[in-house]
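Have a look at how a few strands and helices fit together here. The notes below start with pairing and then move on to burial.

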Amino acid sequence: MSTGYADGRQETRLERYTKFWQKDLTRESEVDSKGRLDKYTDVVNGYYDGATVMTEYGWARSFHFSRFYKGEGFAASLARQEHYLAAHMGLRPGMIVLDVGCGVGAPAREIARFCDVQIVGLNINEFQLGRARQYTEEAGLSDQITFVKGDFMKLSEQFGENRFDAVYGIEATIHAPIWEGVYGEIFKVLKPGGVFGVYEWCMTDAWDPSIPSHRELAHQIEIGSGIPELRPMKLARQAMKNVGFQIDHEEDLADRPDEIPWYYPLEGDILKAQTAWDYFTVWRMSWSGKLVTHTAVRFMEMLGLLPKGTWEVGESLKVAGDALVKAGQAKVSPFTSPWSVGADWLPC
């Protein structure tokens with residue numbers, strides 16, 4: 001019998017999560033891929049029911065990657081990444097802004113402070129929403145940020161059309177079963193002249209699915225990141241245009257000649273830590289740090305302190321972390337472009 005928790009987590013979703021993929025890529029079929037896309041809400045909820053607490057502990061409350069300047073602290077780089085998107089979007093005081101796939105609300109809190117805007121955070125996962133509301137209340141920002149449960153594939157049903165001055169998504173819309181679907185809904189809820197800014201998770205143009213190692217990396221990142229299907233950058237670009245957006249700005253952050261690579265914390269090499277505080281962050285990504293964390297999770301699950309299935313989701317996180325480093329080194333990585341796109345004109 002499945003156990004449902006008061007905080008929204010469900011053991012059935014957790015235990016079923018990794019079964020959406022074949023662990024052996026050679027056994028993966030169209031049936032598996034279609035199953036994930038058709039049941040994308042189950043994939044996403046199962047993943048975040050298990051991964052949220054571990055990601056907060058092992059990474060941060062901002063569930064995204066960032067660039068690093070030499071000597072820059074981990075927390076500072078995450079905040080700068082969020083500021084960079086907000087600045088490109090031209091967010092200004094008084095704007096009503098939608099955050100699609102808001103996680104536990106850390107980017108919304110940072111952007112609300114930085115730009116003095118009103119933000120509505122949308123999330124399909126009840127567990128994350130509860131934590132987002134708690135952290136936002138503790139930060140004294142509940143009058144500036146609200147959180148609602150919803151599916152970003154059905155935004156116009158929930159909010160109506162022409163509702164928001166701006167919409168942003170930070171490494172979240174990759175969870176959608178099809179980009180035209182989520183981008184089209186974002187287009188509808190934007191006011192005429194509004195702006196959509198997004199950090200999109202997609203494979204770079206260097207990724208070639210005919211190369212077995214490239215396909216394997218994508219498969220490992222998917223299963224460890226709750227992504228039904230990783231897609232190439234060119235499809236995201238075309239999807240935006242297909243629904244009526246005009247692209248004002250686009251760049252590939254993975255292609256920047258940074259001295260410190262974006263994936264360095266995932267390497268788990270404490271000698272590369274940029275600040276004293278970051279030694280602990282990087283250690284948690286090391287083999288010994290992961291051993292301690294995942295052993296603790298295993299025992300907590302056995303004692304009933306964590307829902308069943310949490311440990312297995314955690315194991316998939318380790319697989320994704322290693323794959324992300326390899327993908328970053330090969331320049332096929334899914335840490336990629338911020339787009340700033342305008343909704344000044346309607347699609348034909």
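Two strands pair if DSSP finds at least two bridges between them; helices (H or I, at least four residues) and strands (E, at least two) are DSSP runs, numbered from the N terminus. This is a predicted model, where local features need pLDDT of at least 70, side-chain atom pairs count only at pLDDT 80 or more, and totals for chains, interfaces and linings use all residues. Residues are numbered from 1 along each chain as its sequence is written, and side-chain values use heavy atoms, with hydrogens and water left out.

Strand 2 has parallel partners in strand 1 and strand 3:

| Pair | Sense | Bridges | Residue facing Gly121 |
|---|---|---|---|
| Strand 1 (residues 96-100) and strand 2 | parallel | 5 bridges | Asp99 |
| Strand 2 and strand 3 (residues 145-149) | parallel | 5 bridges | Phe147 |

From strand 2 to strand 3 the chain goes through helix 6 (residues 126-138), a right-handed β-α-β crossover (with the strands pointing away from the viewer, the path from the first strand over the helix to the second runs clockwise).

Now for burial, meaning under 20% relative accessible area, with exposed over 50% and partly exposed in between (1.4 Å probe, protein chains only). Strand 2 (residues 118-123) is mostly covered, with 5 of its 6 residues buried. The route from strand 1 to strand 2 runs through helix 5 (residues 106-115), and this β-α-β crossover is right-handed. Helix 5 is mostly covered too, with 7 of its 10 residues buried, among them Arg109, Ile111 and Cys115. Helix 4 (74-89) and strand 4 (164-170) are among the elements covering them. Just after helix 5 comes Asp116, with a positive phi near 55°.

Notes. Contact = heavy atoms within 4.5 Å.
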